[in-house]
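User: I'd like to learn how to read a few features off a model like this one. Can we go through it together?

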Amino acid sequence: MKIALFATCLVDAMFPQVGRATVTLLERLGHEIVVPQAQTCCGQMHINTGYPDAAVGLVRNHVAAFAGFDAVVAPSASCVGSVHHQHAMVARRAGDEALAAAAEEIAGHTWELTQFLTDVLGVEDVGAHYPHRVTYHPTCHSLRMLRLGDRPLRLLRRVSGIDLVELPAAEECCGFGGTFAVKNPDVSTAMLADKMHAVRSTGAHSCTAADSSCLMHIGGGLTRLRTGTRTVHLAEILATT
């Protein structure tokens with residue numbers, strides 16, 4: 001199987017360890033991973049902020065960068081959600097049916113990491129070891145757009161040494177929402193405060209999720225409060241042995 005890593009621009013620019021962990025994990029499971037150098041932002045930020053026309057070129061670039069692969073895997077439910085639910089729509093809005101068809105073809109074999117592990121590879125025990133108390137935050141896109149369900153939790157439960165504790169009000173948004181946090185800072189901060197309170201109530205050493213963006217938001221708040229609780233992407237836990 002020819003597999004490409006869809007690193008995402010946030011991971012590439014700010015959290016490269018998440019991309020490395022994804023590659024490490026998949027290589028440990030016996031797969032060779034290619035990182036297409038032509039990949040850029042998938043355009044989600046532009047689309048969600050109300051500038052779909054500006055995203056057309058990014059969709060076109062994405063389709064070209066990932067053509068020819070059997071599987072495209074990303075450590076981001078948010079970006080995979082954009083590929084699945086927005087790319088073809090953006091292309092059709094621009095009147096480019098050929099691009100829309102190509103985007104749908106790419107989306108058909110694009111998976112978020114936990115989807116790929118459980119649904120495609122049929123693996124739940126990836127041989128990870130993480131001897132810490134961990135709580136899991138299901139991000140909005142993973143929960144409502146991709147409908148990952150309990151896939152991440154099934155993988156976490158098979159990690160040796162882990163003390164996995166339930167997060168109270170887990171399905172409530174952390175308040176990030178991309179530019180929502182910038183345009184509505186007071187509301188975003190209030191939502192973050194609720195999420196941090198829930199995380200701290202678990203006594204967890206680490207809060208994990210399938211999106212670096214939400215972890216960045218939560219982690220920033222926890223760091224400012226000097227709680228000692230860290231945020232760690234799910235890929236990093238699954239890659240640890």
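**Reading the model step by step**

Analyst: Let's start with one residue: L99 is buried, because its relative accessible area is 8% and buried means under 20%. Keep in mind that this is a predicted model.

User: Fine. Which helix is L99 found in, and which residues does L99 touch?

Analyst: L99 is in helix α7, which covers residues 97-107. Leaving out residues up to four places away in sequence, L99 touches V56, V59, R60, V63 and A91. You can also look at backbone spacing: the C-alpha atoms of L99 and A88 are separated by 7.3 Å, with the two residues 11 apart along the chain.

User: Now the sheet. How do I read strand order and pairing?

Analyst: The general idea goes like this: strands of a sheet pair through backbone hydrogen bonds, and the pairing is either parallel or antiparallel. Here you have an open sheet of 4 strands with parallel pairing, in the order β2-β1-β3-β4. Its edge strands are β2 (33-34) and β4 (110-112), each of which pairs on one side only.

User: What does the pairing of β3 with β4 look like?

Analyst: β3 (residues 71-74) pairs with β4 in the parallel sense, over 3 bridges. To find the register on screen, pick V72, which stands opposite T110 in β4. While you're there, look for helix α8 (residues 113-120): α8 packs on the sheet and touches β1 (3-5), β3 and β4. The direction of α8 makes about 105° with that of β4.

User: And backbone angles? Which residue in the loop between β1 and α1 should I check?

Analyst: Check T8, which sits in that loop between β1 and α1. T8 is not a glycine, yet has a positive phi of about 75°.

User: Is T8 buried or exposed?

Analyst: T8 counts as buried, because its relative accessibility is 5%. Then compare A169, in the loop between β6 and α11 (180-183). A169 isn't a glycine either, and its phi is positive at about 50°. A169 counts as partly exposed, because its relative accessibility is 44% and partly exposed runs between the 20% and 50% cut-offs.

User: Let's do pockets. How much space lies in the largest pocket, and which residues lie nearest its centre?

Analyst: When reading a pocket, take its volume, then its lining, then the chemistry of that lining. The largest pocket holds about 700 Å³ of space. Its lining has 31 residues, and Q44, S78, F176, G178 and S213 lie nearest the centre.

User: Which elements supply that lining, and how does it divide chemically?

Analyst: At least two residues each come from α1 (9-14), α3 (44-48), α5 (77-85), α9 (140-145) and α13 (212-224). α1 gives the largest share, 5 residues. The lining divides into 16 nonpolar, 14 polar and 1 charged residue.

User: What about the second largest pocket: how much space lies in it, and what lines it?

Analyst: The second largest pocket has about 230 Å³ of space. It is lined by 13 residues, with Y136, L153, E166, L167 and A170 nearest its centre. The elements giving two or more residues to this lining are α10 (151-157) and β6 (163-165). By chemistry, the lining of the second largest pocket splits into 8 nonpolar, 1 polar and 4 charged residues.

Technical notes
Residues numbered from 1 in each chain as written. Predicted model: local features only at pLDDT ≥ 70, side-chain atom pairs only at ≥ 80, totals over all residues. Heavy atoms only, no water. Buried < 20%, exposed > 50% of the residue type's maximum accessible area, 1.4 Å probe, protein only. Contact = heavy atoms within 4.5 Å. 1 Å grid on protein atoms, 1.4 Å probe; cavity = no way out; pocket = protein on both sides within 12 Å on 5 of 7 lines; lining within 4 Å. Points joined across faces, edges and corners; volume = space filled by probe spheres on them. Nonpolar A, V, L, I, M, F, W, Y, C, P; charged D, E, K, R; others polar. Pairing = 2+ DSSP bridges. Axes fitted to C-alpha atoms, helices over the stretch in contact; angles between N-to-C directions.
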